[in-house]
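Let's take a walk through this model together, one piece at a time. Keep the viewer open and follow along.

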Amino acid sequence: MSGRSGAIFAAVLLAIAAGAMAIAGANPIAGFGALLHGALGGERQLSETLVQTTALLFPSLAVAFAFRAGLFNIGAEGQLIVGGLFAGLAGASFVAPGIVAIPVILAAGALGGGLWGAVAGTLRARFGGSEVIATLMLNIIAALVANYLVVGPLHAAGVAGPETAPLPVSSWLPVLLPGTRLTIALLLALALAAGLSFVFARTVFGYELRAAGDAPAAAERAGIDLRRTALVAMTLSGAIAGLGGATLVAGVLHRFNVALSPGYGFIAIAVALVGGLDPLRIVLAAFAFGILQSGSLTMQALAHVPKDVVAFIEGLAIVGLSARRFAGSRGDGH
Amino acid sequence: MTTEDAVILRGIVKRFGSLVAVDGVDLTLAKGEIHALCGENGAGKSTLANIASGVLAPTEGTVVAHGTVGLVHQHFELVDRLRVWENVVLGREPRRGLRLDADAARDRVRALATTYALDVDPDAVVETLPVGIAQRVEILRELAREPAALVLDEPTAVLAPKEIDALFATLRTLAARGTAVMVITHKLQEVISHTDRVTVMRAGKVVMRAATRDTSIDAIARAMVGGELPALAARAEVALRPSFTARGLHAGEGAHALHDASFEVAHGEIVGIAGVEGNGQSALTDAIAGVLAYSGELTLEGAPLRGNPAARIAAGVRVIPQDRQREALVLPWSIAENVALGDQGRAPLRHGLTIDRSARDALATSIVKRFDVRAASIRASVGSLSGGNQQKVVVGRALAHLPALLVAYQPTRGIDVGAATLVQSQLIEARNAGAAVLLISFELDEVLALADRVLVLYRGAIAGEFSRAGFDRARIGALMAGAA
């Protein structure tokens with residue numbers, strides 16, 4: 001998206017947001033003020049915004065990874081949940097010093113998400129099935145299966161809610177700022193963004209991935225195996241989302257709960273598109289959406305703007321940007 | 001406006017942003033005449049046609065038309081799944097109450113077809129028709145609006161010689177009935193044989209106007225290029241050695257499949273495949289490239305040629321595909337990134353897990369220099385280059401190292417004469433240097449100019465073979481159209 005059309009799009013969204021606040025009976029200026037104060041007003045607010053940024057960053061990078069390979073993965077939410085479930089089960093049952101347990105938990109999350117992504121990747125690579133429909137449906141399956149498992153067969157004794165047994169404290173992700181929920185997951189996410197940026201720009205693997213996404217017919221003739229690329233890209237995309245789920249389990253909730261994600265995997269689609277599918281710009285986009293996420297509660301409390309206004313705006317952003325993505329290749333002629 | 005003029009364009013200027021596509025053109029189309037509009041790619045011909053027919057509004061200037069102006073597009077704008085009569089009446093369907101009056105529509109199409117001797121079954125589904133017939137449908141659709149003038153954009157690009165004669169016979173009938181006809185073409189033989197008046201454009205301006213009988217192919221070509229035509233590279237005497245063989249090759253499905261093709265291409269030889277589009281050329285190219293399943297046997301240098309496209313490339317096969325923008329290039333990428341495509345997986349471009357950017361840039365720089373790619377730098381996106389310069393990148397990449405077998409499918413499609421001559425010369429140079437070259441082209445003149453041996457492809461089968469000493473243009477043209 002060019003700078004100008006991006007600015008217009010952002011302005012339209014802001015205007016709609018102001019309109020929505022007014023319709024909800026609130027003062028839009030007070031609403032925006034409360035939103036910003038709630039997100040950036042102090043150390044506690046800022047750390048919470050960074051927690052949200054981190055939670056969004058993993059699935060956003062996952063979505064971008066698949067998009068760069070030409071795959072519209074809207075299943076980051078499901079992959080994140082399965083990854084979180086794997087991480088929660090591994091974390092609750094595997095007791096070891098943190099230096100051992102934490103990598104195992106994160107790996108379990110990546111494995112779970114990767115497997116879930118591989119299902120859609122296999123359907124696409126082997127049978128030519130649409131990854132859009134597959135990942136959309138797998139989101140629902142993931143949520144229902146996870147729910148069934150933690151209230152049913154895998155229900156731990158002495159646990160009340162729809163969740164796994166808690167992780168031992170030694171398996172929690174180390175906290176960056178004492179007294180906050182901000183953990184090294186943020187550093188992990190930033191390192192991942194930098195790593196992906198390198199992969200896209202410099203490696204043969206990233207080159208082949210981008211070729212498959214940008215010009216599949218040319219890529220195929222250049223000896224790039226499109227089926228294999230689709231499978232690998234969906235698997236790794238799922239693994240990144242699953243890793244994100246694991247960081248929520250080990251860093252924020254300290255257990256797997258069915259309410260692990262308030263839709264991070266869906267908001268991630270907008271974040272990835274706003275960030276132009278570029279890992280480093282996605283970091284900035286994730287921070288902007290993190291502000292919305294963490295400021296919305298304060299906005300509701302202080303300015304009496306329903307926090308649903310934020311979800312509403314995020315939904316509009318996803319619809320608008322997705323439509324642009326699909327229509328993008330047309331209308332460029334002279 | 002006299003009663004003899006159907007369309008008068010005065011002082012037409014058309015700008016797209018900073019690009020001036022048409023720069024002050026006056027043009028008159030007279031009733032009863034077939035008018036040829038010639039020019040290189042990007043000269044502004046199609047833009048002018050769109051302005052004459054009202055599709056585009058001019059930035060400056062006036063269009064005076066004595067009635068409507070029909071436009072037959074280069075790429076047909078028909079609904080493939082609909083029947084002929086449905087396409088012809090689309091948008092102006094006769095109605096009976098709320099219902100479509102199919103009988104009236106059919107009758108109208110039949111009457112039109114009879115009037116203009118355009119033989120076509122009104123109930124045929126368009127996607128089942130050969131291109132020559134589909135084009136008649138497109139013309140019928142325009143004639144149904146009873147235009148004062150009919151403009152045809154590159155109408156003969158997809159036709160066999162016989163079909164071309166039939167088309168111009170139709171256009172002559174139209175002209176005789178008082179319609180002004182303008183044909184945009186770059187095939188100068190057709191201009192000389194079939195038109196009354198010729199206008200040549202270059203860089204948005206008219207550079208030549210003449211009565212066709214007063215001019216020549218050479219004069220028109222010089223006007224198009226703006227100087228003398230560059231000469232083609234000379235053919236060297238090369239000792240032929242066996243290189244590539246195809247045995248009993250079947251590929252593809254349906255009307256465009258290839259059937260039981262067996263042939264050889266030697267080192268130091270250009271074998272030309274002559275044929276009208278849609279007679280198995282794509283299946284042949286794709287089978288050799290490894291992107292289409294086939295049966296039969298291919299060998300290169302005595303070893304079986306099989307496996308995926310990567311294995312073919314490693315064995316020394318390079319393919320210049322038909323659609324450079326889709327099948328050969330990644331348009332948003334730079335020249336430097338594009339030249340690596342196909343070689344990204346091996347030395348010298350691959351360096352461990354990464355691409356060696358200095359080796360890649362050196363390759364791009366050498367291709368830009370050797371193949372005269374006109375670009376601001378190797379960082380320029382290939383999408384920003386002209387078609388001719390895009391094709392030079394594709395050809396340069398294929399010939400950066402001499403391949404064992406080069407398959408060139410429509411290598412000069414839609415590029416200007418200068419670039420086309422350079423590309424053709426490079427094919428000859430590759431042959432002189434010992435490559436086996438398979439040239440697949442819908443332009444018979446190109447095949448005859450370059451090939452050492454010509455195979456005619458008709459309905460997916462090889463219908464005839466000619467060596468350079470025995471080229472018989474009329475006979476080859478007849479075989480292309482299905483003569484026994």
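Start in chain B, where strand E12 (residues 241-251) is joined to E13(B) by seven bridges, the two running antiparallel. If you want a spot to land on, find B:Arg241, which sits opposite B:His267 in E13(B). Keep in mind that you're looking at a predicted model.

Now zoom out a little. That pair belongs to an open sheet of four strands in chain B, ordered E13-E12-E15-E16, with antiparallel pairing. The edges are taken by strand E13 (258-267) and strand E16 (303-304) of chain B; each has a single partner strand, so one side of each has no neighbour in the sheet. Packed on this sheet is helix H8 (residues 281-289) of chain B, which touches E12, E13 and strand E15 (294-300). The direction of H8 makes about 115° with that of E12(B).

While you're at E13, look at B:Asp260, which is found in that strand of chain B. Its phi is near 50°, a positive value in a residue other than glycine. Is B:Asp260 buried or partly exposed? It counts as partly exposed because it has 13 C-beta neighbours inside 10 Å.

A second residue with a positive phi is B:Glu154, at near 45°, and this one isn't a glycine either. You'll find B:Glu154 in the loop between E8 and H5 of chain B. With 19 other C-beta atoms within 10 Å, B:Glu154 is partly exposed; the cut-off for buried is 20 or more.

From that loop you can step back into strand E8 (residues 149-153) of chain B, which pairs with E5(B) in the parallel sense over four bridges. Here B:Val72 has B:Leu152 of E8(B) as its bridge partner. Side chains in a regular strand alternate between the two faces of the sheet. In strand E5 (residues 69-72) of chain B, B:Val69 and B:Leu71 point one way, B:Gly70 and B:Val72 the other, and all are buried.

Or step forward into helix H5 (residues 161-176) of chain B, where B:Ala169 lies. B:Ala169 is exposed, because 12 other C-beta atoms lie within 10 Å. From B:Ala169 to B:Val69 it's 100 residues in sequence, and 20 Å in space from C-alpha to C-alpha.

One more backbone detail: the peptide bond between B:Ala347 and B:Pro348 is cis, with omega about 5°. B:Pro348 is in the loop between helix H11 (335-339) and strand E18 (350-351) of chain B.

Time for the wider view. Chain B splits into domain 1 (5-225) and domain 2 (241-333 + 400-480), with 32 Å between their centres, taken over C-alpha atoms. Nine residues of domain 1 are in contact with ten of domain 2. On the domain 1 side, that's seven nonpolar, one polar and one charged.

Chain B also meets chain A, with 24 residues from chain B and 17 residues from chain A in the contact. On the chain B side, helix H9 (309-315), helix H10 (324-328) and strand E19 (354-355) each supply at least two residues. That side has 16 nonpolar, five polar and three charged residues.

Finally, the inside. The largest nonpolar core has 260 residues, and A:Leu61, A:Ala268, A:Val271 and B:Leu439 touch the most other members. Helix H10 (residues 226-253) of chain A gives the largest share, 14 residues. Beyond its neighbours within four places in sequence, A:Ala268 has contacts that include A:Leu56, A:Pro59 and A:Ala76.

Definitions and conventions: Residues numbered from 1 in each chain as written. Chains lettered and ligands numbered in written order. Predicted model: local features only at pLDDT ≥ 70, side-chain atom pairs only at ≥ 80, totals over all residues. Core = buried A, V, L, I, M, F, W, Y, C linked by C-beta atoms within 7 Å. Contact = placed C-beta atoms within 7 Å. Domains from an automatic or database assignment. Nonpolar A, V, L, I, M, F, W, Y, C, P; charged D, E, K, R; others polar. Pairing = 2+ DSSP bridges. Axes fitted to C-alpha atoms, helices over the stretch in contact; angles between N-to-C directions.
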